[in-house]
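Please walk me through this structure as I sit with it open in a viewer, telling me what to select at each stop and what I should find there.

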Amino acid sequence: MTANMNTQVDPIYVTDQLIADDIDAYLIKHQHKTMLRFITCGSVDDGKSTMIGRLLYDSKMIFEDQLATLERDSKASGTQGQDIDFALLVDGLAAEREQGITIDVAYRFFATDKRKFIVADTPGHEQYTRNMVTGASTADLAVILIDARQGVLTQTRRHSYLVKLLGIKNVVLAVNKMDLVGYSQERFYEIVKDYSHFAKQIGMTNFLPIPISGLKGENMITRSTEMPWYTGQTLMEHLETAPVNDARMLDVPFRMPVQWVNRPNLDFRGFAGQIGAGIIKPGDAIRVLPSGKTTTVKSIVTYDGDLDQAIAGQSVTLTFADEVDCSRGDVIVKADEPCEVADQFEATLVWMDEHEMLPGRPYLLKIGTQTVTATVTEPKYEVNINTLEHLASRTLGLNAIGVCNLSIDRAIPFEAYAVNPDLGGFILIDRMTNATVAAGMIHFALRRSQNIHWQAVDVDRDAHAALKTQKPAVVWFTGLSGSGKSTIANLVEKKLHALGKHTFLLDGDNVRHGLNRDLGFTDADRVENIRRVGEVAKLMTDAGLIVLTAFISPFRSERRMVRDLMAGGEFIEVYVDTPLAVAESRDVKGLYKKARAGQLKNFTGIDSPYEAPEAAEIVVNTTDLAAEAAADRIVEALLAR
């Protein structure tokens, strides 16, 4: 059978093949474009969303159905009458459209013939500054918008300070809404001069000012005929040509935080993660931090096969020539180019929570691929965003920026944020709510963290406990003032003493006469009060004692902090459960009466909260149980451990 040379080619097949070829060619071309990540920021109503919407519209990145929806939504909830409201392309939340503001960070992808872009539209309202920090953390360039009518505002300064703090070096000052000031050259240069003065104060040495109208499209894609006096680049021209240093992390020492240990079978053990900096090859000598163990790289494994080398940005699995202990959170580095390891740092904090920072309270600190427990000292200073003065402050409130010292529960590998954002940037998380409360940037390790080391001792806590023939413990009595904590704790100690047990009672009032006499009753002071008592109790258990404490200790977070200090099973929480009305009726010290009269501030149960335990080991209700009976019940539970 011979082929029919006269057979006609199906025209539909030809068309489909041409389309497929075009798509392949487009994808290949698209794959090799550079990617620029940038943010828009500034004060509320400066026109950030409108500017991005205009870029998408003029870049032909809107499909017909999207355009139809945009036109319909513009008439229903837009701010431009019957004209298109470009802001609606990125203001996706219903609340944003109703209020005409941006609340969340909106990410949009678009591309031109020259480059791909991911833009983050960040909110301008002060209460959403934390969202701006989120968007800026991965940006290569920042477009800071200013309303030509308003000029430089407080939020403009705050966002500019954060841009500088986060290490974004490519900054565009887009003076927007020039159409509303008659495209005035004088007004433009007045704003640039004002901003230049502030930029110099914060160390921003270079920025590009561009006069634009996001709504009208002036100087967005093409040069404006309304502003012939401006001869510089349009916004899009600058975005397409701004340097993107994809190799910026290749010329620095190798760093790879371990994300997980890859152990599919008994014959393979690798360490997976994304390379944060540098280059690695098989045979390279490496060091695992914080342990300091050394070995060499045996192979670089990927899904597509082993590699001869891997570079920053690639996700790989490394295998080692030797059996070296390595786990999630460790950092693999070149053996002769290690980063620092420390447990105390100076850092800048951007506070992002409505509840103020409480110095001494333990927070979770997430840095790289590991999570540790950290406490923050009282701020060294808070930055006044308008004057850049360093203000004395005992805490940080929402959107405040301050410099503090941090102490964490174990040494971790790190680098200064200015050197390596992946190993120098972190977030703080509230341990009880799991809410992110702060973003931080490490400056340097505190010198004392390198000079102070644990001293080995021959007589350890087990030896102390054996000598006393008892198990150490902390019996933590908590409850409202007047609940009977001190009374019951005193009875428990008497009964244990009579049984020959070695005990010590730390009472809240007694401790404030000495160790904590410098502390008041603010939330911050209460946190520090419990932190100190917890450390003392820990030392006493190391001596083999049974420690009883009687403190209101109103916050679950601090009680958990003390629990975490102790060995497993050594912290016994006793909740003296007494209703407020009953505790107040006892009021032998007259404290409730003073609090009700406004003469005693920050009194627990009245104008300061009490967070009852959720899973206390022992609960005694003093309305149903006499103090003597409650003490017997507690002693019985202790002896049964």
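Before the first selection, one definition will help with the helix pairs met later: an axis here is a line fitted to C-alpha atoms, for helices over the stretch in contact, and angles run from 0 to 180 degrees between N-to-C directions. Please also keep in mind that this is a predicted model.

**The whole chain**

Begin with the whole protein chain coloured by secondary structure, where 18 helices and 28 strands are found. If you then colour by accessibility, buried residues make up 49% of the 641 residues in the chain. Among contacts between residues at least 6 apart in sequence, 71% join residues at least 24 apart.

**First stop: strand β3 and its partners**

Select residues 115–121, which form strand β3; six of its seven residues are buried, so this strand is largely enclosed by the rest of the structure. Now add residues 34–42, strand β1, which pairs with β3 in the parallel sense over seven bridges. To see one of these positions, pick Ile39 and look across to Ala120, its bridge partner in β3.

Next, add residues 106–111, strand β2, which is joined to β3 by six bridges and runs antiparallel to it. Here Phe109 has Ile118 as its bridge partner in β3, and if you follow the backbone from β2 to β3 you trace a hairpin with three residues between the two strands.

**Second stop: a seven-strand sheet and a buried lysine**

Move on to an open sheet of seven strands with antiparallel pairing, whose order is β7-β15-β11-β12-β14-β9-β8. Its edge strands are β7 (255–257) and β8 (260–265), each of which pairs on one side only. From one strand to the next, the twist averages 40°.

Within this sheet, select residues 285–289 and 331–334, which are strands β11 and β15, joined by four bridges and running antiparallel. Leu289 stands opposite Val331 in β15.

Stay with strand β15 and select Lys334, which is found in it. Is this lysine, Lys334, buried or exposed? Lys334 has a relative accessible area of 17%, and because buried means under 20%, Lys334 counts as buried. Display the surrounding side chains and you will find that Lys334 touches Phe254, Ile279, Ile280, Asp284, Ala285, Ile286 and Arg287, not counting residues up to four places away in sequence. For one of these neighbours, look at the backbone: the backbone oxygen of Ile279 lies 3.5 Å from a polar atom of the side chain of Lys334.

**Third stop: a five-strand sheet with a helix on it**

Now turn to another open sheet, in which five strands are arranged in the order β25-β26-β24-β27-β28 with parallel pairing. The edge strands of this sheet are β25 (503–507) and β28 (618–621), and each of them pairs on one side only. Neighbouring strands are turned by 15° against each other on average, direction ignored.

Select residues 473–478 for strand β24, which runs parallel to β27 and is joined to it by five bridges; at one position, Phe477 has Val574 in β27 as its bridge partner. Then add residues 627–639, helix α18, which packs on the sheet, touching β24, β27 and β28, and whose direction makes about 170° with that of β28.

**Fourth stop: two helix pairs**

Keep α18 selected and add residues 485–498, helix α12: the axes of the two helices come within 9 Å and cross at roughly 55°. The helices α12 and α18 are therefore oblique to each other, and their crossing is right-handed. On the α12 side, the residues in contact include Leu491 and Val492, and those they meet in α18 include Ile634 and Val635.

For the other pair, select residues 523–542 and 556–565, helices α14 and α15, which pack at an angle of about 20° with their axes 9 Å apart. These two helices, α14 and α15, are therefore roughly parallel to each other, and α14 passes α15 in a right-handed crossing. At their interface, Val527, Ile530, Arg531, Gly534, Glu535 and Lys538 in α14 meet Glu558, Met561, Val562 and Leu565 in α15.

**Last stop: a loop glycine**

Finally, follow the chain onward from α15 and select Gly568, which lies in the loop between α15 and β27 (571–577). Gly568 counts as exposed, at 79% relative accessibility. Adding Ala473 to the selection shows a pair 95 residues apart along the chain, with the C-alpha atoms of Gly568 and Ala473 separated by 9.9 Å.

Definitions and conventions. Residues numbered from 1 in each chain as written. Predicted model: local features only at pLDDT ≥ 70, side-chain atom pairs only at ≥ 80, totals over all residues. Heavy atoms only, no water. Buried < 20%, exposed > 50% of the residue type's maximum accessible area, 1.4 Å probe, protein only. Pairing = 2+ DSSP bridges. Polar contact = N/O pair within 3.5 Å; in protein donor to acceptor, adjacent residues only side chain to side chain. Contact = heavy atoms within 4.5 Å. Parallel < 35°, antiparallel > 145°, perpendicular 65-115°, else oblique. Left-handed = near helix turned anticlockwise from the far one by under 90°.
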